[in-house]
Each structure stands twice: as C-alpha cells, then as structure tokens.
Amino acid sequence: MHRIVVTVLLCLLAVQVAGRLRMPTFSNHQLSLRMAEHQLPQRTAKEHANVRRDAEQCTSQVFVNPATRNPPPMRLKQPTLCDPDVRQYSGYVDLEDKHVFMWYFGSRARLSPDFNTSRDAVPLVFWFSGGPGCSSQIANWQENGPCMYAPTKPVNSHLSDSLRKRLPHSVQKNPLAWNAIADVVYIDQPVGTGFSHGPMPNSTAEAADTAWRTMQGIYAMLGEKFPGEARIKDVYLMGESYAGQYVPIFSEYIVHMNDRVTASSELRERGYQALPLSGIGIGNGLFDTRLQEQAAYTMGCNSTYDPLFTKKQCTQLHDTVLPACAAAIDACQPAPGTDFAGSVVANSTDGMRNDSCPRMQPEPWRLTEACSYANSYCNGALNWTTMISAYDVRPNARMVPDDYVEYLRSKPFTDAVGVDPGIEYDECSDIVYDRFVSTSDAMSRASVSALEYLLDARLPVLLYSGDADFICTWYGTMRVANALDWHGKGEWAQAPTTDWTWPAQSGEKVAAGQFVSAQNFTFLRVYEAGHELFRLTQYIRHHPDPYYTPEPDCCHKLLGHVPLFADPNFAELAQEVDLASLGASFEDIEKLATIFWFTAEFRLCCEDGIIRVCGAGLLSLFGELEYALTEVPTRLEFEPSKAVEQTYPLFDYQPLYFVADSFRDATAKLREFNKTMKRLFQVRYNPHTRSVEVLDSKDKVQRFAQSITN
C-alpha cells in the first residue's frame with residue numbers, strides 16, 4: 001500500500017471545483033413524484049420478512065447459478081484514444097442481463113526500456129466515481145485519467161463556458177494520469193450509470209455482487225491475455241464522493257468472497273480467484289451522514305475560509321438546524337436490531353460476515369416519510385448561501401468544464417470504445433439516483449462498519465479531502481476517522497498532525513496539506529482543493545518534462561506573467577485583448593486568442609537594435625529561451641492581420657516568432673486591428689468602478705467622450 005499511496009499523493013497537484021455527490025433539495029412531494037415516474041418497487045412488512053428468509057441463500061450469482069464461469073462473456077475493443085502508446089481495452093462485461101461498461105488503461109511504466117514484463121508487476125486500480133449514479137468517465141476525462149478533451153489552442157481562463165465549448169477541441173493526453181504508475185480501470189457502476197445498462201440496483205449493498213463479478217472478470221481477462229507477464233500482486237479500490245459507500249462495502253465483500261473462493265475448489269475450477277486486495281483510497285467521501293452533517297457549522301462559519309453564512313444564519317445552523325437534522329436522521333434509521341416493522345434484522349455488513357456464505361442483507365425498509373424529511377431538511381441549509389459552488393467554497397471557484405460530454409455522445413467515440421447502440425452518455429443518472437434514495441441508502445445506513453472491518457483486517461486505508469469542499473467537508477471526514485472503532489484507535493488518538501509538503505524545484509518544501517497516520521490508517525487534508533481533488537491543473541512543472549503546458553503552473557505564472565503584468569504597457573495590451581473579445585463573433589475570438597499567443601506568450605521585441613524575449617511562455621522555458629534567439633526559427637514583423645493566419649504547436653518549440661518594437665507598438669496595432677472586427681456593441685473599462693461598461697446608449701457614449709476630454 002505504501003507504494004501506491006505515495007504515488008497517489010504525488011498526484012495531488014491540483015484543485016477541482018465541481019462535485020459528484022448529489023444532494024437533494026426538492027420537497028417530499030416532488031420526491032414522491034420522481035419515484036413514481038420510475039415505478040420503484042415497494043414492499044410491505046410481511047414481504048420484507050419473506051425477503052429476509054429468502055436471503056438465507058448466498059447473494060452472489062456464482063452460488064445461485066452454478067453455470068456461471070469466470071471470466072464472463074466480454075465484448076471488448078482496443079481503442080487508441082488519449083494514450084495510444086499503452087494497451088487499452090474497453091467495452092462490456094456481460095453478467096447475464098447486466099452489461100457493465102469498463103475502460104482499462106495499461107501503465108506507462110511498461111514503456112520504459114528498463115521494464116521487465118516477466119519480472120516487474122504494476123498495481124491494478126479499480127476506480128469508482130460517486131453520485132450515486134455518476135459515471136467513472138468523469139474521472140477519466142476530468143481528473144486522474146489519461147483523457148482530456150480540450151481546446152486545441154490555449155484559452156483565457158476567464159472565457160465563459162459557452163464560448164469555450166464553441167472553440168475547436170481535440171482529444172489530448174493527460175501527462176499526470178494515474179496510469180503513469182498503475183493499470184487503471186474505470187468502471188461505470190451501478191448498472192444504469194454512464195454506458196452500463198440492464199436491471200438497476202436500489203442500494204450499495206445490492207450493487208456489491210455485480211461490482212465484484214466485474215472486477216473478477218477484468219482481473220481474469222488480464223491474466224489470460226498476458227500469461228507470460230508477472231502476476232498482478234496488488235489490487236486497489238479507489239473512488240470519491242459517494243464511493244465513501246461503494247469502496248468500503250465492495251472491499252469487505254471482496255474479502256469475504258476471497259475466503260469462499262479459497263475454500264472452494266469448485267469455484268476455482270470455474271475460474272474464480274482470490275483478488276489480491278492491497279488497500280483502498282477514498283477522496284471527499286460520504287461515509288456517515290449523521291456524523292458528517294454536524295461538521296457543516298464548522299466549515300460554513302468557523303473554517304480557514306471566509307464564512308459562508310451570516311452570523312444570524314450560523315447561530316440558527318448551530319442551535320436549531322443541525323440538532324434537528326440529527327434527530328431527523330435518527331428517526332430515519334431503525335433502532336439497532338430492528339426495522340420499522342419491529343422485526344429483528346441484521347446489519348448489511350453483518351450479512352457478509354455469515355460463516356456459510358457472504359450475503360448482502362436486503363434492506364428491511366423502503367423510503368419512509370422520516371427519511372424523505374431527513375433528506376430534504378438536512379440539505380436545505382445549502383440554499384442559504386450565495387457561494388458559487390458547494391463543491392468549492394473559494395470565491396472565484398468555477399465548475400469544471402464538461403466539454404467532453406458531447407464528444408462521448410458522438411458516433412466516432414462510441415464506435416471506438418464499443419458502446420452498445422442506443423446507449424447515450426450522461427454524466428449522472430437521475431434514475432439510479434432516485435432508486436438509491438428509494439432505500440434511503442446513505443441517509444439510513446453508514447459504511448463505518450465496513451471501514452472498521454477492513455482496518456481490523458490490517459488493510460491499508462487512505463481517506464483524503466480537499467479542504468475547500470462543503471458537500472463532504474474535511475472536518476466531517478475527520479469526525480468519521482476519529483469515531484472509528486478499530487484495533488489502532490488508541491494510537492490514532494495520539495497520532496500527531498504532520499505537514500504534508502511538496503518539493504519545489506528550488507529544493508524547498510512547499511506546504512500542501514496535513515496528514516494523520518497510525519498503523520494502516522491515513523487521513524490527508526489537502527489545502528486549496530475542492531470536492532474532486534485530482535484535477536488536471538498542474539501547479540508546478542515536472543522536471544522530466546519542463547516544457548510549455550496548456551495547463552497553468554507556477555513556473556509559467558511566476559516567471560512569465562508576473563514580471564510582465566508589472567509593466568503597465570503589457571497590462572494594457574492584455575486588457576485590450578480582453579475588451580476586444582466582448583461582443584465579438586466566435587471567429588474573431590479565435591483570432592484574438594492567436595494574437596494573444598504571438599504577443600503575450602511567445603513574442604520577441606527589438607530594443608535598441610537588439611532582439612529580446614518578451615513573452616510569458618518564453619520567459620518560463622529555459623530551453624526555448626536559448627532556441628528563440630538562434631537563427632533557426634523564422635522572425636516576422638508583428639502585424640495582427642498576418643498573425644491571425646498562423647498556426648502554432650502546443651508541445652514543441654515555436655517555428656515562428658513575431659517581433660514588435662514594444663508593447664506600446666503592439667497595442668497600437670491591435671487597436672487598429674480591432675476596428676476591423678464587427679461587434680454587436682462597444683465596451684470600455686471604467687477605472688473608477690473597476691468594471692466593464694457596455695456603450696449601448698447615447699448617454700453612455702457622451703459620458704465616455706467627456707471622460708476622454710477631461
């Protein structure tokens with residue numbers, strides 16, 4: 001576990017501002033209507049009792065149906081998207097009438113000339129996104145996966161989502177993907193999520209066996225396709241958000257099924273294997289709603305960030321809302337050992353611990369008025385705040401671009417990865433979400449019991465949290481961590497909080513967070529990060545690849561833009577580009593982006609007859625600094641009309657540079673070029689109000705003219 005944990009922590013370079021834990025705020029009446037639309041099954045107390053008697057048989061289909069074999073039927077393609085140099089498999093694991101979509105990416109470690117396939121083994125990571133009902137392709141395309149779907153040219157970070165989506169895009173490789181180290185499989189589960197389809201489950205417990213059989217099939221498939229390679233020794237389950245339910249319960253299910261497979265020669269003859277589970281990791285997870293909801297006051301009113309609520313709201317939250325929320329959740333959950341009909345029931349994880357066979361105890365209750373009330377009441381406080389996103393409380397946070405979604409709905413993509421006809425991609429499924437709400441999956445149950453079991457089994461567990469998340473706050477995760485009853489709880493209670501640092505190129509260590517660790521349990525808090533930690537943004541350039549990247553990094557910002565923006569002439573040039581983009585057509589915006597590239601990023605200037613470097617991209621690239629001043633690249637006098645016709649490479653030295661006498665000269669030429677652009681309206685920057693004004697009336701134009709005269 002230490003190896004993968006260190007590797008995973010090295011990926012914590014970035015922030016995410018979008019979220020995948022879906023919090024309901026609709027009324028009980030609305031909720032009932034949404035459930036009726038999908039015809040969710042309801043059971044009487046007598047039917048519940050019959051279900052419990054039927055559950056004496058093992059849950060898994062491998063016991064129910066002796067004809068099942070492993071690996072199951074699989075319909076796979078070998079795409080070359082995103083990371084074409086590594087091996088890939090995508091498509092469906094067919095489990096009777098359930099069809100689970102997966103996408104496997106091999107590790108880039110195998111590309112090293114020093115890698116020995118018969119000797120060296122790489123870890124295998126199964127990734128589960130949250131929701132419930134959100135596709136793991138979210139992580140693949142927006143977070144830790146090899147895939148990016150981004151504009152082909154760099155864009156201003158302040159560009160609106162609608163304008164950015166209209167720019168030309170392309171599939172790109174994420175240099176910071178987890179498959180740099182491990183084999184990674186992104187699984188769309190539960191069934192009904194993403195590209196998976198078939199009968200859908202109603203709870204995490206009900207989804208566990210399908211998840212286990214899917215992982216069994218993929219593990220066996222890899223062994224069959226690469227028999228001469230070193231056997232996979234380490235399997236890890238990772239996920240985020242609602243995976244705080246999935247990962248612990250699925251992992252405990254694996255442990256118990258491993259025992260059954262080991263003890264059964266018949267199961268082994270049918271191809272089933274004990275999965276070498278070596279650890280789990282969960283980011284900003286939902287583990288125990290009651291424990292975690294109580295941290296809303298600390299995060300909203302007394303955290304390291306600005307308060308999210310007024311003083312009056314904070315008082316109401318502390319004195320009224322949170323106590324009432326706790327009482328509502330208590331009313332939703334049955335008393336220990338009973339359900340609402342008064343019958344004795346087993347905890348769902350207790351069912352897995354049955355000696356004869358692992359089984360998932362069916363839920364003994366369905367949606368009740370108490371659970372519906374707890375759902376809506378406990379999350380209602382989110383409507384008080386005016387924060388941009390509950391998934392990232394920082395004032396300037398923006399939702400992560402979802403540009404990739406339409407691409408995943410395109411026929412070229414679905415054909416390439418083997419999506420079944422008629423299945424259209426949605427990031428998150430409302431139907432799956434509603435089915436889980438129908439059993440009060442998270443409100444009425446917690447995964448704490450499974451976490452405790454895994455810790456007592458000496459399985460390494462990593463919980464990590466971005467500290468700007470309000471949906472699943474790091475304070476709430478710490479409450480869960482401190483409440484766990486396991487063999488190391490005494491040592492945990494005495495464990496110090498240690499700074500987690502990142503080595504900068506200067507040799508100094510930069511504070512990136514804090515962690516607490518005892519025996520096989522670690523909690524990590526990451527500074528300045530939102531609900532989904534593993535975003536693609538790179539904060540410091542990697543020394544093996546110190547070239548320009550379209551993602552921002554501190555080398556580019558500090559060595560490139562900071563010195564330039566200290567020059568009023570450069571600041572004026574940058575502002576001129578921004579103002580020109582307002583009201584411009586899509587084609588003109590693309591031209592302005594090209595001009596910005598050849599002026600603000602990669603440009604030369606002639607000063608006293610000497611060619612000098614004066615672009616932020618060049619100033620932060622020590623290799624291209626020297627190259628740009630040689631005779632190899634072409635040099636042209638800066639003319640905006642010529643610059644907009646040029647193309648340029650993103651990941652290589654520039655073949656062409658434009659030369660201007662000064663920033664002032666470039667700005668003057670840009671203004672003349674802007675006059676040729678057709679815009680629906682004109683704008684000007686008002687330095688007194690620090691705002692942009694639209695000149696759309698006679699009065700505004702007259703005031704503007706008067707300000708120039710004055």
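1. Two rings of Phe, Tyr or Trp are taken as a pair if their centres lie within 6.5 Å, and the pair is called edge-to-face if the planes are over 60 degrees apart. By this rule, the count for the structure, which is a predicted model, comes to 34 aromatic pairs. One of them joins Tyr-242 and Tyr-246, whose ring centres are 5.4 Å apart and whose planes stand at 65 degrees, so that the pair is edge-to-face. Tyr-242 is buried, with a relative accessible area of 3%, and Tyr-246 is likewise buried, with a relative accessible area of 0%.

2. A further pair is formed by Trp-486 and Phe-521, with ring centres 5.7 Å apart and planes at 90 degrees, so this pair too is edge-to-face. Trp-486 belongs to the loop between helix H19 (474-483) and helix H20 (489-494), while Phe-521 belongs to strand E13 (residues 521-526), so the pair ties together parts that are 35 residues apart in sequence. Both partners are covered: Trp-486 is buried at a relative accessible area of 4%, and Phe-521 is buried at 0%.

3. Aromatic residues also gather in a cluster, whose members include Tyr-92, Phe-101, Trp-103, Phe-105, Trp-141 and Tyr-149. Also part of this one cluster are Tyr-186, Phe-195, Tyr-404, Tyr-407, Phe-413 and Tyr-425. A ring may also face a charge, as with Phe-226, over whose ring the charged end of Arg-87 sits, 3.6 Å from the ring centre.

4. The largest nonpolar core has 85 residues, and those with the most contacts inside it are Phe-126 and Leu-237. As a general background, nonpolar side chains in soluble globular proteins tend to be buried together. Which residues does Leu-237 contact, leaving aside its neighbours within four places in sequence? The contacts of Leu-237 are Phe-126, Phe-128, Met-215, Val-247, Phe-250, Ser-251, Ile-254, Leu-277, Gly-279, Ile-280 and Gly-281.

5. Phe-126 and Leu-237 are also linked through the backbone pairing of their strands, since the bridge partner of Phe-126 in E8 is Leu-237. Strand E4 and strand E8 (residues 235-240) pair in the parallel sense over five bridges. Strand E4 (residues 124-128) is mostly covered, with five of its five residues buried. Both of its faces are covered, for Leu-124, Phe-126 and Phe-128 on one side are buried, as are Val-125 and Trp-127 on the other. E4 is also joined to E7 by four bridges, and these two strands run parallel; here Leu-124 stands opposite Asp-183 in E7.

6. Strand E7 (residues 183-187) is in addition joined to E3 by four bridges, and in this case the two strands run antiparallel, with Tyr-104 standing opposite Val-185 in E7. Strand E3 (residues 98-105) is mostly covered, seven of its eight residues being buried. Strand E2 (residues 88-95) pairs with E3 in the antiparallel sense over eight bridges, and Val-93 has Val-100 in E3 as its bridge partner. E2 and E3 form a hairpin with two residues between them, and Glu-96 in the turn has a positive phi of about 55 degrees, a value that a colleague inspecting the backbone may wish to locate in the model.

7. How are the strands of the open four-stranded sheet ordered? The order is E15-E14-E17-E16, and the pairing is mixed. The edge strands, each of which pairs on one side only, are strand E15 (610-613) and strand E16 (634-637). Neighbouring strands of this sheet are turned by 35 degrees against each other on average, direction ignored. Strand E14 (residues 603-607) and strand E17 (residues 656-660) pair in the parallel sense over three bridges, and the bridge partner of Arg-603 in E17 is Phe-658.

8. The last point concerns a cysteine. Cys-378 is found in helix H14 (residues 369-379). Is this residue buried or exposed? At 7% relative accessibility, Cys-378 counts as buried, because the cut-off for that term is under 20% relative accessible area. Not counting residues up to four places away in sequence, Cys-378 touches Glu-293, Cys-325 and Ile-329. Cys-378 and Thr-289 are 89 residues apart in sequence, and their C-alpha atoms are 9.5 Å apart in space.

Key
Residues are numbered from 1 along each chain as its sequence is written. This is a predicted model: local features need pLDDT of at least 70, side-chain atom pairs count only at pLDDT 80 or more; totals for chains, interfaces and linings use all residues. Side-chain values use heavy atoms; hydrogens and water are left out. A nonpolar core is a set of buried Ala, Val, Leu, Ile, Met, Phe, Trp, Tyr and Cys residues joined through side-chain atoms within 4.5 Å. Buried means under 20% relative accessible area, exposed over 50%, partly exposed in between (1.4 Å probe, protein chains only). Contact means heavy atoms within 4.5 Å. Two strands pair if DSSP finds at least two bridges between them. Axes are lines fitted to C-alpha atoms, for helices over the stretch in contact, and angles run from 0 to 180 degrees between N-to-C directions. Rings of Phe, Tyr and Trp (its six-membered ring) pair if their centres lie within 6.5 Å; planes under 30 degrees apart count as stacked, over 60 as edge-to-face and the rest as tilted. A charge sits over a ring if NZ of Lys or CZ of Arg is within 6 Å of the ring centre and within 35 degrees of the ring normal.
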